[in-house]
Every structure is written in structure tokens, then in C-alpha cells.
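Have a look at the structure below and turn it around a few times. We'll walk through it together.

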Amino acid sequence: MDLSPKQSSPSESTRFPDEVLERVLSLLTSPKDRNAVSLVCKDWYTADSWSRRHVFIGNCYSVSPEIVARRFPRIRSVTLKGKPRFSDFNLVPDNWGADVHSWLLVFASGCPFLEELRLKRMRVTDESLEFLALNFPNFRALSLLSCDGFSTSGLATVATHCKNLTELDIQENGIEDLSGEWLSCFPENFNTLEVLNFSNLITDVNPDVLERLVSRCRSLKVLKLNRTSSLDRLQRLLISAPQLTELGAGSFSEELTLQQHAELKYAFGLCKNLSVLSGFWDASALNLSAVYPACSRLSFLNMSYTALQSPELASLLPHCPCLRRLWVLDSVGDKGLEAVGANCPSLEEIRVFPTDPFDEDMIHTVTESGIVAVSQGCPKLHYILYFCRQMTNAAVATVVRNCPDFTHFRLCIMNPGQPDHTTNQPMDEAFGAVVKTCKKLKRLSISGLLTDLTFKYIGEYAKNLEALSVAFAGSSDLGMQYVMEGCSKLKKLEIRDCPFGNVALLSGLERYESMRSLWMSACNVTIDGCRSLAREMPRLNVEVMKEEGSDDCKADKVYVYRTVAGPRRDAPPSVLTFSGL
Amino acid sequence: MEGGVAYEQGLNLKATELTLGLPGTGETEGQGGVRNNNKRPMPTSETNEEESQALKAADRGSTAPAAKAQIVGWPPIRSYRKNSLQAKKDNESEASGMYVKVSMDGAPYLRKIDLKVYRGYPELLKALEAMFKFAAGVYSEREGYKGSEYVPTYEDKDGDWMLVGDVPWDMFMSSCKRLRIMKGSEARGLGCGV
């Protein structure tokens, strides 16, 4: 870019050479900061474009790959999110879209130096994985979370061709698991791996190949094994990789002899740097004690795949004095959560998942006592995800009084529309307490019997709210209107099974362009309402997913999002796209 | 609603009615949103009054659909996690031991026992009594576990709740899905003192 000074620029004397400006800007890494910088003036916009290395795209349809490649030709790392979050719960048809292939085609010529690709809820085929492996010579890191459409053959091509791979992170995907052969596709001299996560896969990999790979990769920090990995294998792997900072154990239920137990415990003892532990499918109490020596620096413990009982958790926790994040199943019960409150003073995040979501006997469960016990012992708590079958307004009020710093409050009372079980009142006051007390609240998921009052509270008090998830709640359009009017920082709104119709939908007209997306399913919105919205707001894509057999005028599932790329052209027949353009 | 009326009176005439259908069939949709499922009959007891109140409240305020398990995408748990738990359940049922869960009314968590370990009812009962610290009393075909505070029951393959001891041991082993040690007062109607 030429450096000829502008004639009448007042800032002439303070203009930096581009290289300096780019260098300075490259120290800014947060996307928000970068976006702000790019709006200052044309020079800064250009400098940012040339020096941007990482792009985060929260909705793959909000922009086109061509626009991204043109603006940021030198990006090294891309994070792309595709389907609406409710696709995790089977509410979105399989062929909905979000295919990564078109992005790869454009990037192959526009951003050939791409090194890292992180995808969430995207469709990824084996073809795409092969294309990726063959067309990006510097490619190093692949992370796939909640994606679908690929098989272990795709992984094999990545292992075969990506000579500098440092990260292969395969999490919670709908993957076609054909065989464990892919692991054997890493060349014998390949040694750059730092992150290997194949916990998603069921088919077993060759244990010798794995052991050789692990011992070759001296920089390996993260290793997450799959369910079929035996304890014996784990023990040997730990001995050869004591430098691990994150470990996902495999199945933990085998019966061990005293000797084997001691050896396993010894191996865990060698791992002085473990900060994250996960996996442990089917852990038995006895085997768990082998893990204790590795827990002194543990900050994140994910036991959400094994039905731990309260005594086991109570024995384990005292060994984890630095614990900041804990994920468990509700099998630990209220007693287990009392142990959490008693042993984890530094706890910042807790997630309690249901062991048996459809358990109708309500025996495996936690109640309001559990969450209160945690809040009493863990004043630093700021993130909670809690699945339960009963709750009271008073308990929630107590929890937020004990922990006023919540940024993420996600409460799922599993029976839809269930009231406070001691007073039979709606749960309005519970969430009222949350929004009134937690000024920093960014994400809220509500449940239970809720009237429009809950939404009035949210609109009035939750001024920093960015994401709201609503199900089976509200009494009228007013509910949604309160939120659209009051929550000026809202970015994501997902609503299902609520009595909100066109009036509610259109009340957010002014807001949708500053939001990432809106989802409304099984509400009272009609096709006409969607058409109106699209007409009024041409820079929104309004999409309706029709269900078989529903009325012609009903908009069963509505997905609205801002975009600079216009209506998408890859929607399947069951998705109607409305656009004002 | 038929069932609703019966509950409001504190009685559950429908459940003790002799029919050829499985327990729970013929009960109305309205109760679907509450904890009582259609796998076993509601016990006739004084606690019914509270339950009927809860039912009324739930019906009044709830927008709950008929059967919990039929709502698509609810509770909001990722398919991956659901499949993991399901695989676990399948594994458990195929395992070589014959493990069944045992719950006791009032106990905070469940236990699991391997039925194969016991040679007959007396051993099983002794083990349960020791595990949960209760006394089951003496079994008789006519009167069940008469006079005991707690009564051992089990859920069979058809989803019915049966009294432990009524069928031959082998038949019990092959049909028992899980055990529940019920409070004696709730177990009336299961063959005790009919």
C-alpha cells in the first residue's frame, strides 16, 4: 500500500507505516477488539484485514466464504458454527444444510495458508476431509464438535496426508464408525501431535500403534481415549506420556488385581501436570481411587459419563483442592452435591446431567437441596447447568444470594410446566431473583411453570443478557415482547412450545439485525407473520421448516438470522426461505 | 376425567378394580405430566390426598403434554449423551452377571445386586435385609409378608410390580428387571392380605 501522505488529513503526523500498524494490531486477538479497530478508518480497516489471523463465524450463513476470503486473505484459523443449537436435540432435519465443502473450495484458493479449522454443528463429508487434507499444505489443527456426515475413513485421509498435524479433536459427532484403522494411517515417523481426542469413537484402534504414536509425540498434551480403551492400555500410555495436561480415560470398570491397581495408581502419580480429567465410562469405586495421585492440580473434572454415587464422589473430591469445574450425573444425588459444597471452595462451574432422562421413578435425581448445598460452599460459582425433577422459588433465591456472580444460569426442571413443588406456584420468582441479583448474567435457560411475569423480570433486569433459552413457558405475546424490548444486548434467542405468535415475532423487528439468530418452534407464528418480517427486514433471512402434515399456514419452526450473504441457495425442500430482497 | 374424579376423592378405585388389562391402561391422559407413570397401580393409602392435590395443581397450571417420553428434543440433552447412556444400559443388560437395581423407599440412593449369586429366595431376602437394614418378615403365599414394615417387590418383564416370592425362583430370575423394597402400607393390593 502506498505511503503518500494525504493533503488534508489532520492525523497525518501520527500515521504509522502499515507494517507497524499491522504489528500493533496483531497484538489484539479478541474478535470484538478487532472488529472495533476495523471501524476506525479505512487504513485501520485495511491493516486489520491483512493482519487478521483468526476469524470466528457464529453462523455460517451470515456471510459467504467469498466475502471472508476476500476480506481476510491471510487468515490461519477459522471457527465456523452451522446448525441452530436445537439440532442437538433432533429438532432440525438432517439435510438442513451447513455443509463445510463450499467453504473449503473457496479457502483453497483464497486462504491457502489455512492451518486450523474448528467446526461446530456443520455437515462434514469424507470428501471434504480428503479435500482439506490434500489442499492445505500447512494444515495443523482440526476440531469437529457435534458435526455429522463423515466416517472414520475421512479421519484416515487426514492422518495420512496432514504432515504437520498437531491437533485432531473429534468430539460428540454423528460419525460413521467403520474401523479403528485410521489411527494406523499416521506415518511411522510422524511426531507432531499435541492434541488427540478420539473419545467419540467406538471401534477400537490398534493398541501398539497408539502406544508407539504416543511415545513418539513428545509434545502431546491432550489425550482422550475412547470407551473401549482398557485400563492396562491406559497405564502403559500414562507411563510413556506423563507430561499430559488433559486426559480422557476410557472405560474404568474392569476388575483389577491388587498389583494392577497399584501399577495404575503409580502411573497416575507420574502425571504431575494434569489439569483436566474426563472419560471414565462405567467407573467402579475401587478403580477410581487409583486416580487420586493425579488430582492435586486438577481444575476440570468431567465425570458425566459414569453414574457416580455420592460416597464415591465424596471420597474423590478431597483429592482435588484446586477444582474449578465439575461435571457429574445426578446419580451423585443431593448428598454428593453436599460433598461438593464441602470440598470445593474454588468451584466456578458445575453441570449436573440426568442419568436417566426418562426415568419415571425419580430415584436417580437431585433436588433443590443439592443446588443450595453447592451454592453454600462455593461462593465463586458463576456457571451452572442443572437438570432436576423438582425445584422451589426459595431455593433458587437462596442460590443466587449465595452466588451473585452468575454469568450462566441454566436450569432444566425436566417435567415441562412444573410449578414450585412446595407452594404449587409458578417459578416466576425464582428467575426473577436470578435476574435481579446476578447483574453479570449473560446466558439464561428457564424452565418450570412460568407466566409472562418471568419475562417481565427478564426484560427489566437482565440488561447484560446475551443468550436466552425458553421452553413451555409464558402466557401471551407479551412475554416475548418484554424480552425484545428490554434485553438490548441479546444475541441468541431460542423458544419452543410457547404461546407467542406473530405480534410477538414482529415486536422484535428492530432487534434482529443486532442478534445472531432467533429460533421459534411449536409456537403460534404463521407463514404470513414470517413473510411480513422478511419484507420489513431485507437483511434478515427468515426460514421456516415445515413438518409433515401440519397446516399450510403454520410456521412450525422458524429460524431468523442476520446475513450479508442474502438468502441461502442450498436449503432443502422442507425449508422455506423468505427474503425481503 | 374419570381418573381425575377418583383421585380427588382420595380413593383410587380404578387401580384396585379387577381388570384384564395391564396396570395403567385405561388411565386418562391428564396424569401424564406428573410423576406417576402407567407401569404400576397407585397404592391405596392416606398419602393419596397429597398426590391428588399435586395432580390438580399440575393439571391447572401445566401445559404438559400427554406422555413425558414423547416430547421430541426434551429434556434438552445431546443425542451423543443420550446414546452413551443408552449404550451403557444395553451393556448392563448383556453383562454376564444378572445385575438388577434395588431401591428402598426412603433410601437416598440405589444399590445393585447380582441375582446369580443367590441360590433362592431365603438367601436373597437375607442379603436385602442386611444391605438395607430392615426385616421382611415371613413369606406366605396367602398373606405375603404379613406384618412387616417393608415388603420386597419386583418389576417383571411386562412392567408389572409383583411380590417377591410368588413365582418359582428360576422364573423370578429370568423375569425380574428391578427390585423395590416398598413400605408395607403401600404394598397392600399386591397380594398381601387380600
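What follows is a short tour of some helices, a few loop residues and a cavity.

A bit of bookkeeping comes before that: this is a predicted model, in which local features need pLDDT of at least 70 and side-chain atom pairs count only at pLDDT 80 or more, while totals for chains, interfaces and linings use all residues. Residues are numbered from 1 along each chain as its sequence is written, chains are lettered from A and ligands numbered from 1 in the order in which they are written, and side-chain values use heavy atoms, with hydrogens and water left out.

Let's begin with helix H13 of chain A, residues 333-343. Helices here are DSSP runs of H or I with at least four residues, strands are runs of E with at least two, and both are numbered from the N terminus. Several residues of H13(A) are buried, including A:Gly333, A:Leu337 and A:Val340. Buried means under 20% relative accessible area, exposed means over 50%, and partly exposed is in between, using a 1.4 Å probe and protein chains only. What do the buried residues of H13(A) pack against? Their partners are helices H12 (310-316) and H14 (368-377), plus strands S13 (325-329), S14 (349-353) and S15 (383-388), in chain A. Contact means heavy atoms within 4.5 Å.

Now for a pair of helices. H17 (residues 452-461) and H18 (residues 477-486) of chain A pack at an angle of about 5°, with their axes 8 Å apart. That angle makes H17(A) roughly parallel to H18(A). On the H17(A) side the contact involves A:Asp452, A:Phe455, A:Lys456, A:Ile458 and A:Gly459, and H18(A) brings A:Leu478, A:Gly479, A:Tyr482, A:Val483 and A:Gly486. Sorted by class, that gives 5 nonpolar, 3 polar and 2 charged residues. (Axes are lines fitted to C-alpha atoms, for helices over the stretch in contact, and angles run from 0 to 180 degrees between N-to-C directions; under 35 degrees counts as roughly parallel, over 145 as roughly antiparallel, 65 to 115 as roughly perpendicular and the rest as oblique. Ala, Val, Leu, Ile, Met, Phe, Trp, Tyr, Cys and Pro count as nonpolar, Asp, Glu, Lys and Arg as charged, and the others, Gly among them, as polar.)

Next, some backbone details. A:Asn90 isn't a glycine, yet its phi is positive, near 65°. You'll find A:Asn90 in the loop between strand S2 (77-81) and helix H5 (101-110) of chain A, and it is partly exposed at 48% relative accessible area. A:Ser146 has a positive phi too, about 55°. This serine sits in the loop between strands S4 (141-145) and S5 (148-151) of chain A. Is A:Ser146 buried or exposed? With 12% relative accessible area, A:Ser146 is buried. Over in chain B, a cis peptide bond with omega about -5° joins B:Trp74 and B:Pro75.

Finally, the empty space inside. There are 2 cavities of 30 Å³ or more, and the second largest has a volume of about 30 Å³. (On a 1 Å grid over the protein atoms alone, a cavity is a set of points where a 1.4 Å probe fits but cannot get out, and lining residues have an atom within 4 Å of a point; points are joined across faces, edges and corners, and the volume is the space filled by probe spheres set on them.) H6(A) gives the most to the lining of this second largest cavity, with 3 residues. The lining divides into 8 nonpolar, 1 polar and no charged residues.

Key
1 Å grid on protein atoms, 1.4 Å probe; cavity = no way out; pocket = protein on both sides within 12 Å on 5 of 7 lines; lining within 4 Å.
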